[in-house]
Amino acid sequence: MNDLLKFVFEPRQFKSILVGVDESEQGHVALANAIHQAQEDGAELTIATILEIGDLSTIDALNLPVIRDKQAELESNLARYRKYALSKGLTDVTVKLGTGGSAGEVLLQEIVPAVKADLIIVGAHSHEGFWGKLGSQAVYIARNATISSMIARQASED
């Protein structure tokens, strides 16, 4: 009796990986997983973060210098993430800063098509405040992505 399964599908080798990252532990877990997958597949990696205007107070959202300062902070973070990915041996790493009401929507509707991603990776949840709803964003991505998705999680050491 032959107990081997016969699969029609082979594992996919990804060509363009998009990772949504913020300054949380789970965001960093997503980045680590994206770097690993890009190394495994020889894929290009795009690291993205989103300035969610809804996370700003009404006064800050209308204050251009505050928005510019936040954008500069996020661009600095993206540069650090890119430098880290390059230090791990990747050579094709780009960064994208998006702006909008929902991180999940911006990632899926704007950045995925722009970079022609075939895999999106995000962390399971984020810290409170900026991108504080990433858990719900991760669910949104898992439900609405038309490409493969990974929700990266690091188990807490309690």
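Which residue is the bridge partner of L18 in strand 2? In this predicted model, with residues numbered from 1 along each chain as its sequence is written, the partner is T46. Local features need pLDDT of at least 70, side-chain atom pairs count only at pLDDT 80 or more, and totals for chains, interfaces and linings use all residues, while side-chain values use heavy atoms and leave out hydrogens and water.

Strand 2 is a good place to start. Strands (E, at least two residues) and helices (H or I, at least four) are DSSP runs numbered from the N terminus. Strand 2 spans residues 44–52 and is largely enclosed by the rest of the structure, because 8 of its 9 residues are buried (under 20% relative accessible area, 1.4 Å probe, protein chains only). Strand 2 pairs (at least two DSSP bridges) in the parallel sense with strand 1, residues 16–20, over 5 bridges. With strand 3, residues 93–100, strand 2 pairs in the parallel sense over 8 bridges, and there T49 has L97 as its bridge partner.

Next comes the interior. The largest nonpolar core (buried Ala, Val, Leu, Ile, Met, Phe, Trp, Tyr and Cys residues joined through side-chain atoms within 4.5 Å) has 21 residues, of which I17, V19, L45, I47 and I121 touch the most other members. Two or more residues come from each of strand 1, helix 1, strand 2, helix 3 (64–87) and strand 4 (119–123). Helix 1 gives the most, with 6 residues. Apart from this core lies another, of 16 residues, including I50, A103, V112 and A117.

How values were computed:
Buried < 20%, exposed > 50% of the residue type's maximum accessible area, 1.4 Å probe, protein only.
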